[in-house]
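Biologist: Let us go through this model together. I will ask how each term is earned.

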Amino acid sequence: MGISCVPLHPLFAAEVRGVDLREPLPPSTVAAIHEGMNRYGILVFHDQAMEPLRQREMTRQLGVLELGFGRVVAVHRDDARPPPRTGYAEVADISNLDAQGAPVERASRKTLGNLANQLWHSDSSFQKPSARYSLLLAVQLPSWGGDTEFCDMRAAYDALDPVLKAELEGLEAEHYALHSRILLGDDEYSEAAHSIFPPVTWPIVRTHPGSHRKLLFIGAHARRVLGMTVPEGRLLLMDLLEHATQPRFVHRHTWRPGDLVIWDNRCILHRGRRWDMSEPRELRRTTTADIDEAAAPAGAS
Ligand code: OGA
Ligand code: MN
């Protein structure tokens, strides 16, 4: 059966029909998914409930796997990170649940990760390579809220004032792993923790290789603009984010169990939305690194 993409928004995002991600993907389907991703930036697949192992295998068919972002959590104060609930380091547990499957304490470290996910961001923009695709699978959902929103940074760039476009040309922003947490007031990190993730810089205006369109590469990990004072740079970043996240550039996904959504972190920002954290919410995320196979370190899975 052929794959078909049904647009969900005037500018980006489509629902894919005719693909079962639980079966090994023929090369023609892999190619069609990349093509759909390049055009729509986010693809939604329904009824794809699968085990973590299958999600890892399927993601491997789409690129080079990134290890879970647990490293960020591991350096938090002196807590040790529990083994991932999914059983695989490459399958991140995006949930508010403890090892027994019960919602964690409000004040826990894990809650903080969920809260930081509610700020607009591009996954792993704080490291090189950053993330290419994120694949998020819904397992358990709360009775209210907990949607995920997506924003097309190509459309946002296109709509910028030409004067601002010219001003942004050549500017770079510094992205830092702990910045979104510090923004939320979680700032008790040791020197050792800070040193694990050296900040990285990315141009604010980049070209999306898959669509050859320019885009704004910003989000909650961006903490300053090179060559500007911190306040001036931060205000510019806040202004750009406010412009980019206008409702006309945003698509909201309301989850059903078994939904799998893929987004391209190179041109899409995302954020989770509020829910009552005393109710379980469980999703699982796999991620590909923004490198091509040929550039992957030998032995990379
Ligand atoms: C993520 C993320 C948002 C959500 O998994 O990378 O930001 O709605 N998730 O859970
Ligand atoms: Mn994320």
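Biologist: Which strand gives the largest share of the lining of the largest cavity?

Modeller: Strand 14, residues 268-272, with three residues. A strand here is a DSSP run (E, at least two residues), numbered from the N terminus. The model is predicted: local features need pLDDT of at least 70, side-chain atom pairs 80 or more, while totals for chains, interfaces and linings use all residues. Residues are numbered from 1 along each chain as its sequence is written, ligands from 1 in the order written, and side-chain values use heavy atoms without hydrogens or water.

Biologist: What makes a space a cavity?

Modeller: On a 1 Å grid over the protein atoms alone, a 1.4 Å probe fits at its points but cannot get out. The search finds two of 30 Å³ or more. The largest holds about 150 Å³. Of its 15 lining residues, the closest to the centre include Ile94, Asn117 and His270. Lining means an atom within 4 Å of a point.

Biologist: How do you know what takes up the largest cavity?

Modeller: Ligand 1 takes that space. A molecule sits in a cavity if more than half of its atoms lie within 2 Å of its grid points.

Biologist: Why is the pair between ligand 1 and Arg285 called a polar contact?

Modeller: The term needs a pair of N or O atoms within 3.5 Å. An oxygen atom of ligand 1 is 2.6 Å from a side-chain N or O atom of Arg285, so the pair qualifies. For Arg281 the distance is 2.8 Å, and for His270 it is 3.0 Å. The protein buries 99% of the 290 Å² that ligand 1 exposes alone, by the Shrake-Rupley method with a 1.4 Å probe.

Key: 1 Å grid on protein atoms, 1.4 Å probe; cavity = no way out; pocket = protein on both sides within 12 Å on 5 of 7 lines; lining within 4 Å. Points joined across faces, edges and corners; volume = space filled by probe spheres on them. Helix = DSSP H or I, 4+ residues; strand = E, 2+ residues; numbered from the N terminus. Polar contact = N/O pair within 3.5 Å; in protein donor to acceptor, adjacent residues only side chain to side chain.
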